[in-house]
Amino acid sequence: MPTVVLMDVSLSMTRPVSQDGSEEFQRKNLAVHGLNMLFEHMASNYRLEFTALMAFSSLWELLVPFTRDYNALQEALSNLEDYDKTCVESALNGVSNVVQQEWGSACPCQVVLITDGSLGIGKGSLRHSLQSLKQRGDDKKFPLPFPFPTKMFIMCVANAEELQMTGTMDNLEELLRLSGGDGQIFTMEGPLCMQSVQAMFGRLIDRAYSPFHAVLHCGNLSSDVQVFPRPEPVVVDEEVEPMPLTVNTDLEIVGFIEIADISSPPVISRHLVLPIAVNKEVDEVGTGATDELEEEASSSQMAGKSPNFCVLLHGSLKVEGMVALVQLGPEWYGMLYSQADSKKKSNLMMSLFEPGPDPLPWLGKISHLGPISEAAENPYGEDDSKSPFPLQPQVKRSYAQNVTVWIKASGLQTDVQKILRNARKLPEKTQTFYKELNRLRKAALAFGFWELLKGVADLLERECTLLPDSAHPDAAFQLSHAAQQLKLASSGDSQYAAFDHNIVPMHTDFSS
């Protein structure tokens, strides 16, 4: 997911930091050192990440738009200028504008806010912004929460004790809570020095920017891969005590299926799957000498000449037009497939399904799928002219039935009049009469419309008294029987008010 680095360049960041026996540093210098460490790590291990650099004081400025050129980001850091007071709210408005212009409001984004803990003074300060949250109009809303999913990491070039003494920590925690709470506040441990800021940014890297390495297995074949971006833990809402589910580092391919059968399934997230060389060692952060770059280039060339199962799988899925079902954890599955960026370039992708044994209803339970060779006959036919999917559900779907809906009073009146018209034509319309009566009865029970049942029962009793002398004797019996059944249903009796219970015609000596 893209990252926005928000750098505080207010005057408070120029405060000196005393160092024993060494040159004097400003807090801004420590922050720049930590960000250089982060950018070097991302250039080596997280190079697909898009990153933007913004600076703020009372105003904000986009120094580097979203890019993968970490040299440009580091160069912009070396040219930072100092400005006036801190205004976090203005900077957050800038983040919201920049992200939405580039990615829209559906793409998750990480925000790394670097500050010294000084919240500003007077109007425009973070303390004033938080205190005035409830007094704002719709046109001056606080920018948090952002309209897009966000993880906010606040990097404080200060000790936790210093933040507690000034009351800053409570305001930063409130800021984190408003952003959605999915983030963390990092502070420096020990004296303010280069080693402490390195340790703080190291904790950020471990928390948010460590690459996800896994082993992809398919029978006796396997391959080391990197999954980008890192899969996030998923919490199942239906559980009483929800526990976050994490993707296993051992990904097991359980089978292959046609693209047409899996269609376009709902997924939680999509990730690139990149092969990594087994013997390639990760470079230390902060290096970058010419000889090491040459060694890395030569090792990449060697890796390109060695066989790799991940490359074989990608090519096979692309040529055969199939996807691979992969098990991510207990009763949690995903799919591997080839996605084309252009006519000549494609990537191996992995999409994560919702946790559960049957994430795709038209396939049934994933564990019940098996090879075609074990079937009594080919489910696709001898000439691939048919498909065993989608599976037909045992229970008829509600949206596949003719459901009675009364949006206006005229619709209800029409249904009641239809029953009365059939009642006057008994016994010839006996079957139609009871069909319409049961349809109205089920709808009334579904809506809890007990008064309707009693009202229709009264109408049927009235029709019974108004029958002419020439009417068939069976008509009076059927009307009385139907009215009595509706009254029993309106009383809430468990036997007669059951939704699946149907009123059947009364058997009389006159009925055939």
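**Questions about a predicted model**

Me: Which residue of E7 stands opposite Val111?
Reply: This is a predicted model, so every answer here describes a prediction. Strands of a sheet pair through backbone hydrogen bonds, either parallel or antiparallel. E6 and E7 run parallel and are joined by 7 bridges. In E7, the residue standing opposite Val111 is Met152.

Me: How many of the 10 residues of E7 are buried?
Reply: A residue counts as buried when its relative accessible area is under 20%. The rest of the structure largely encloses E7, because the buried residues in this strand number 10 of the 10.

Me: Which element gives the most residues to the largest nonpolar core?
Reply: This core has 40 residues, and those touching the most other members are Met7, Leu35, Ile114, Phe201 and Leu204. Several elements give two or more residues to the core, among them strand E1 (3-8), helix H1 (27-45), strand E6 (109-115), strand E7 (150-159) and helix H7 (194-208). With 8 residues, the element that gives the most is H1.

Me: How many residues are in the other core, the one that includes Val4 and Leu172?
Reply: Let's start from Phe201 in the largest core. Leaving aside neighbours within four places in sequence, Phe201 is in contact with Ala31, Gly34, Leu35, Met37, Leu38, Ile114 and Met155. Apart from that core lies another, with Val4, Val95, Val99 and Leu172 among its members, and its residue count is 33.

Me: Which residue with a positive phi follows H6?
Reply: First, look at helix H6 (residues 168-178), where the buried residues include Met169, Leu172, Leu175 and Leu176. The cover over the buried residues of H6 includes helix H3 (88-103), helix H4 (126-131), helix H5 (160-165), E6, E7 and E8. Just after H6 comes a residue whose phi is near 125°, and that residue is Gly180.

Me: Why is Cys193 not bonded to the closest cysteine sulfur, and how far away is that sulfur?
Reply: Cys193 is buried, because its relative accessibility is 12%. A disulfide needs two cysteine sulfur atoms within 2.5 Å. The closest cysteine sulfur to that of Cys193 belongs to Cys156, and it is too far for a bond, because the distance is 16 Å.

Me: And how many disulfides does the count come to?
Reply: The cut-off for a disulfide is again 2.5 Å between sulfurs. By that rule, the number of disulfides is 0.

Me: What angle separates neighbouring strands of the barrel on average?
Reply: The closed barrel has 7 strands with mixed pairing, in the order E9-E10-E14-E17-E16-E15-E13. Ignoring direction, neighbouring strands of this sheet are turned against each other by an average of 40°.

Me: What angle does the direction of H10 make with that of E17?
Reply: Begin with two strands of the barrel: E15 (residues 322-329) and E16 (residues 332-340) pair in the antiparallel sense over 5 bridges. Across this pair, Val326 stands opposite Gly334 in E16. Helix H10 (residues 309-320) packs on the sheet and touches strands including E15, E16 and strand E17 (346-352). Between the directions of H10 and E17, the angle is about 90°.

Me: Which residue's backbone oxygen does the side chain of Gln226 reach?
Reply: Gln226 lies in strand E10. Gln226 counts as buried because its relative accessible area is 13%. Its contacts beyond four places in sequence include Pro211, Phe212, His213 and Leu272. At 3.5 Å, the side chain of Gln226 reaches the backbone oxygen of Asn45.

Me: Is Glu331 buried or partly exposed?
Reply: Glu331 lies in the loop between E15 and E16. Its phi is near 50°, a positive value in a residue other than glycine. Because its relative accessibility is 48%, Glu331 counts as partly exposed.

Me: Which proline is joined to Leu426 by a cis peptide bond?
Reply: A cis peptide bond also joins Phe228 and Pro229, with omega about -5°. For the bond that Leu426 makes, omega is about 5°. In the loop between H11 and helix H12 (430-447) we find the proline in question, and its name is Pro427.

Me: How far apart in space are Pro371 and Glu428?
Reply: Pro371 lies in the loop between E17 and helix H11 (409-423). Pro371 is partly exposed, because its relative accessible area is 45%. Pro371 and Glu428 are 57 residues apart in sequence, and their C-alpha to C-alpha distance in space is 57 Å.

Terms used
Residues numbered from 1 in each chain as written. Predicted model: local features only at pLDDT ≥ 70, side-chain atom pairs only at ≥ 80, totals over all residues. Heavy atoms only, no water. Core = buried A, V, L, I, M, F, W, Y, C linked by side-chain atoms within 4.5 Å. Buried < 20%, exposed > 50% of the residue type's maximum accessible area, 1.4 Å probe, protein only. Helix = DSSP H or I, 4+ residues; strand = E, 2+ residues; numbered from the N terminus. Contact = heavy atoms within 4.5 Å. Pairing = 2+ DSSP bridges. Axes fitted to C-alpha atoms, helices over the stretch in contact; angles between N-to-C directions. Polar contact = N/O pair within 3.5 Å; in protein donor to acceptor, adjacent residues only side chain to side chain.
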